Amino acid sequence: MKKIRNIVLCFIALFALIVLTSCNKNNSSNGNNPGENNPNNNPEETVVNEYSVDLDILYTSEEPITVDSFIKECEEKYSISLEGQMFNVSCEDSLVLTKTDNNFAINDIGSTTITLENESNKIAVNVNVKPEIKVLAFNSMKQGNSQSVSVKFKPETAKEEYEITSSNPEIISVNSTNKLKAESHGTATITVKTASGFEYSLDITVEEVVYKITYEVSDEYLEYVDGDFPTEYKNSDLPIVLPTFDCPGYAFFGWQINPVADDYTVENLVTVVPEGTKGNLVLRVIIERSRLELRFENTSAIEPGQTLGVDFELINVPEAMQEIVWESRNTNIASVDSDGVVTGITNGVAEIFAYLKHMPEVNMSICVSIDENLNKTGELLDYLKSIAINEIVTKKITVVAYQGNYTTYMYSGVSLYLFEDLNIVEQMTSLSQSNRPGDIYKKHYITVHDTASGAESANAKSHANYVNQGGGGTSWHYSVGNDGIYHQIPDNEKAHHAGDGTRPYELYDSGVTGTNKYPVVTISTDGYYVLDGAKTKVAAPKIESNGASRIAKTEDINDFGIRVVLQDGKYYIGKTYFNDTYDKISNGGGNCNAIGIEMCVNKNSDIYYTWQKNAKLVAKLLYDNNLTIDDVKPHHFFSGKDCPATMLHADMWDMFIDMVEVEYKIRSEYAGYKISISSDNEDFIGSNGKVLKQAPLSRSVTYTITVEKDGIKESVTLSTVIPGRLATNQK
C-alpha cells in the first residue's frame with residue numbers, strides 16, 4: 001500500500017509541474033506578464049495583433065519585393081518593432097505575385113493580399129500591381145512644328161484610354177488626336193493621365209524659329225536708303241520696321257512680301273513686317289517714278305491770240321509736293337499762265353515746260369504750234385489735221401504664232417494715214433500649180449488674215465514664194481510685211497484661204513423690211529434668223545455635232561456676225577453654214593468671192609507698220625472693186641477661226657478699219673496730191689510718220705505735214721505725245 005501511495009503522489013507532482021511549465025511558456029511568448037491580456041486569467045485563450053498595409057507596386061518595378069520590405073512597411077505605419085520574429089507567409093493570388101524564398105516576383109497587374117502570421121501577429125499586406133506607361137516625346141520643339149506623343153503600356157495587355165493636356169496651350173496646344181503643336185516659344189508641361197488615374201508629366205521647351213529675310217532692291221536705290229536691312233527675325237521681334245527710301249524723283253510705296261508676280265496693289269504693301277508673320281521672307285521694294293503727264297485737250301496748234309488748255313496728271317506724287325510751276329521756253333511765241341493755259345503770240349513752235357516746285361526733277365515739256373494760217377488751209381490739209389493722233393497708241397502685245405507666242409511693243413503712227421506710196425511687187429503663181437485653180441469670180445469681200453508664223457525669216461517675200469511653190473494646197477492673193485507687198489494670185493480668181501470650201505456668194509430675200517443698215521441678228525427658237533426682232537424666212541443652218549443634229553442658237557454665230565445687205569428697204573441675208581472645225585455659224589463666199597491678204601507677224605518686224613501697209617492695200621482693193629468698208633472681213637467671218645489672231649487679241653481691228661477708211665478717202669477724193677511729212681525728232685518719228693520707239697517717260701514730238709498740188713504747197717506743224725512705258729505700265 002505504501003508503494004502504491006508513493007506512485008500516486010509522484011504522478012500528481014509531475015502533472016502539477018507540467019501545468020505550471022505550460023502557463024509560464026504561454027505568458028512568455030506573448031511578451032506580457034501573466035494575466036495582462038487575460039482578465040479571466042484563462043490559460044487557453046491567446047491574443048493575436050492584426051495589422052493592415054496597402055502597397056502599390058509598378059509592374060516594371062526593379063526594387064526587390066521581399067517579406068522584410070512588407071514588415072518594414074508595417075513597422076513604419078504602426079511605429080512598432082517586429083525585429084527577430086518569424087512569420088508564416090501566404091499569398092492570396094499567385095497569378096499576380098509568386099513567392100520564391102524570401103522574395104516575390106511580379107507576374108501580372110492586379111491586386112492580391114500577402115499574409116504574414118505568427119503566434120501573436122497577423123499582417124495583411126494589400127498589394128496593388130499597377131501598369132506602367134512610358135511616354136515618348138521630344139522635350140524640345142521648334143515654333144510652328146508639331147509632334148505626336150507615343151504612349152506605351154507595360155504590360156501591353158494593360159493598354160487603356162488616356163488624355164494628354166498642356167499646362168499652357170498658348171505655348172503648346174494639343175489637338176483631338178493628341179498631337180502637339182508648338183504655338184509660341186516658352187516651356188509647357190505635358191501631362192498624360194490614364195483612365196485608372198496614372199499620370200506622367202514631361203516639360204517641353206519651344207524654341208523660337210529664326211527666319212531669314214531676303215531683299216530685292218536695285219543697286220540704284222541703295223544710296224537713298226534710310227534704315228537697316230535686318231536679315232533674320234524671330235516672332236518675338238515683330239513688328240520689324242523696314243528701311244525706307246528718299247530717292248529724288250521717285251515715290252517709295254513699301255515692300256511686297258513674297259512677291260509672286262509683277263502686279264501689286266498699294267494696299268498690300270508694307271513698311272513693317274507685321275506681327276503674326278512666319279516663314280522665310282522675300283521682300284521686294286516698290287519704288288515708282290513720280291511723274292507729271294501733260295496732254296493737250298484736243299489739238300496741238302492754235303492761231304495767235306487763241307488759248308489752249310493743257311491737261312495734266314500727277315502720278316506717285318505726295319499731296320504736299322503737288323504744286324506745279326509753268327514756263328514757256330519761247331515766250332515770244334506763246335505764254336502760259338499758272339493754270340497751264342497757253343496763249344499764242346506769233347508764228348512758231350513753243351515749248352511749254354512744267355515741273356513740281358518741290359520736286360523739280362519731276363517735269364515734262366509739251367510743244368504747241370502757233371500758226372496764223374491755221375484756219376485758212378485747204379480741204380486736204382484740214383482733213384490730215386483732223387486725223388492726226390494727239391497721243392500715240394502704244395501697247396505691249398502678244399504675237400500669236402504656231403512656233404510659240406512672243407511679246408513685242410507696238411506703236412502707232414502720228415496719223416491714221418501712212419505717209420508713203422503703195423508699192424506692189426507682182427509675183428504671180430503659175431496656173432500649173434494646183435493652188436491656183438484659175439476660176440473667175442466677182443469679188444464681194446476683202447479678207448484679212450495673218451500668217452501666224454513668228455519665225456524671223458517669215459516675211460512677205462518668203463510667203464509669196466511659198467504660194468508660188470504650191471502652198472501645200474493653200475493660196476491667197478497678197479502677202480504683206482515690212483519688206484513689201486507681194487501679189488501672187490490675180491484679184492478676180494478664186495484662192496484657197498478662207499476655210500469655207502467652194503460656197504459662192506449668194507443673197508437670200510429675208511422677207512423683212514427696215515431702215516437700219518446694221519440690224520441686230522439673232523436666231524429664233526425654231527431656227528430662223530431674226531433681224532431687229534423681226535423673224536425672217538431664212539433658216540439658220542442646223543448644228544451637226546458628234547453625230548447629232550440640233551437647232552442653232554444665237555451664240556453659235558461667229559463673232560463678226562452674218563452678211564446682211566439692205567437694198568431698197570429690204571433685207572437680204574448671205575449664204576451661211578456651220579463650220580464643224582471651229583463650231584461657228586459662218587459665211588460663204590470667202591474662197592470664191594474674197595480677195596485674201598496675209599499679214600506677216602515675223603519676229604523683229606514692226607507689226608503695226610505691216611498693218612498700216614495693209615490698210616493702204618485694202619483701200620486700193622476696195623476702190624478698184626467698187627466695194628465698201630463693210631466688205632472688209634477677218635478670216636474668222638468665213639470659218640470661225642481665230643484669225644487674224646494677233647490683231648484681234650490686241651483689240652486693234654477697229655483702229656485698222658479706221659486706217660482703211662482714211663486711206664480710202666484720200667485715194668478716192670484727193671488723187672493727184674503729193675503728201676509728205678518731216679520729223680523734228682527723227683529718232684522717234686520716221687519719214688513716213690511711223691513712231692519708232694518709246695522712252696521710259698512720256699515726251700512731246702513735233703512734225704510738219706505738207707501737201708502739194710499744181711505747184712501749190714501748204715504745211716502745218718503739229719505735235720504729239722508718245723506715252724512713256726511708265727505711263728502705260730509697260731515695264
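**Exercise 1. The nonpolar cores**

Find how many residues the largest nonpolar core of this predicted model has, and which of them have the most contacts inside it.

*Solution.* Start with the count: the largest nonpolar core holds 63 residues. Next, pick out the residues with the most contacts inside this core, which are L384, W611, F656, I666 and I705. Now take F656 and set aside its neighbours within four places in sequence; its contacts are then V448, W611, N614, A615, V618, V632 and M647. Apart from this core lies another one, of 24 residues, and F296, I324, A354 and I370 are among them. As general background, nonpolar side chains tend to be buried together in soluble globular proteins.

**Exercise 2. A pair of helices**

Work out how helix α3 is oriented relative to helix α9, and which residues meet where they pack.

*Solution.* First locate the helices: α3 covers residues 379–386 and α9 covers residues 653–669. Their axes are 12 Å apart and form an angle of about 175°. Angles over 145 degrees count as roughly antiparallel, so α3 is roughly antiparallel to α9. Then look at the contact itself: from α3 come L380, Y383 and L384, and from α9 come V662, K665 and I666. Sorting the residues of this contact gives 5 nonpolar, no polar and 1 charged. Two of these names may look familiar, since L384 and I666 also appear among the core residues with the most contacts.

**Exercise 3. Cis peptide bonds**

Locate the cis peptide bonds that lead into P155 and P644, and say where each proline lies.

*Solution.* Begin with P155: the bond from K154 to P155 is cis, and its omega is near -5°. P155 sits in the loop between β11 (150–154) and β12 (162–166). Move on to P644, which a cis peptide bond joins to C643, with omega about 0°. P644 belongs to the loop between α7 (636–639) and α8 (645–649).

**Exercise 4. Positive phi outside glycine**

Decide whether D101 and N258, which have positive phi values, are buried, partly exposed or exposed.

*Solution.* Take D101 first: its phi is near 55°, a positive value in a residue other than glycine. D101 is in the loop between β4 (97–100) and β5 (103–106). The relative accessibility of D101 is 66%, so this residue counts as exposed. Now N258: phi is about 50°, again positive, although N258 is not a glycine. The loop between β22 (250–257) and β23 (272–273) holds N258. With a relative accessible area of 36%, N258 is partly exposed.

**Exercise 5. T66 and N298**

Compare the surroundings of T66 and N298: which is buried or exposed, and what does each touch?

*Solution.* T66 is in strand β2 (residues 65–66). Its relative accessible area is 15%; buried means under 20%, so T66 is buried. Not counting residues up to four places away in sequence, T66 touches N102 and N103. N298, by contrast, lies in the loop between β25 (291–296) and β26 (301–302), and its 55% relative accessibility makes N298 exposed. Leaving aside neighbours within four places in sequence, N298 contacts L308 and N390. Finally, check a distance: the C-alpha atoms of N298 and G309 are separated by 9.1 Å, with the two residues 11 apart along the chain.

**Exercise 6. Confidence**

Find the mean pLDDT of the protein, and describe residues 1–41.

*Solution.* The mean pLDDT is 90, and 93% of the residues reach 70 or more. Over residues 1–41, however, the pLDDT is below 50. Beyond near neighbours in sequence, this stretch has 11 contacts in the model.

Notes
Residues numbered from 1 in each chain as written. Predicted model: local features only at pLDDT ≥ 70, side-chain atom pairs only at ≥ 80, totals over all residues. Heavy atoms only, no water. Axes fitted to C-alpha atoms, helices over the stretch in contact; angles between N-to-C directions. Helix = DSSP H or I, 4+ residues; strand = E, 2+ residues; numbered from the N terminus. Parallel < 35°, antiparallel > 145°, perpendicular 65-115°, else oblique. Contact = heavy atoms within 4.5 Å. Nonpolar A, V, L, I, M, F, W, Y, C, P; charged D, E, K, R; others polar. pLDDT = per-residue confidence, 0-100. Core = buried A, V, L, I, M, F, W, Y, C linked by side-chain atoms within 4.5 Å. Buried < 20%, exposed > 50% of the residue type's maximum accessible area, 1.4 Å probe, protein only.
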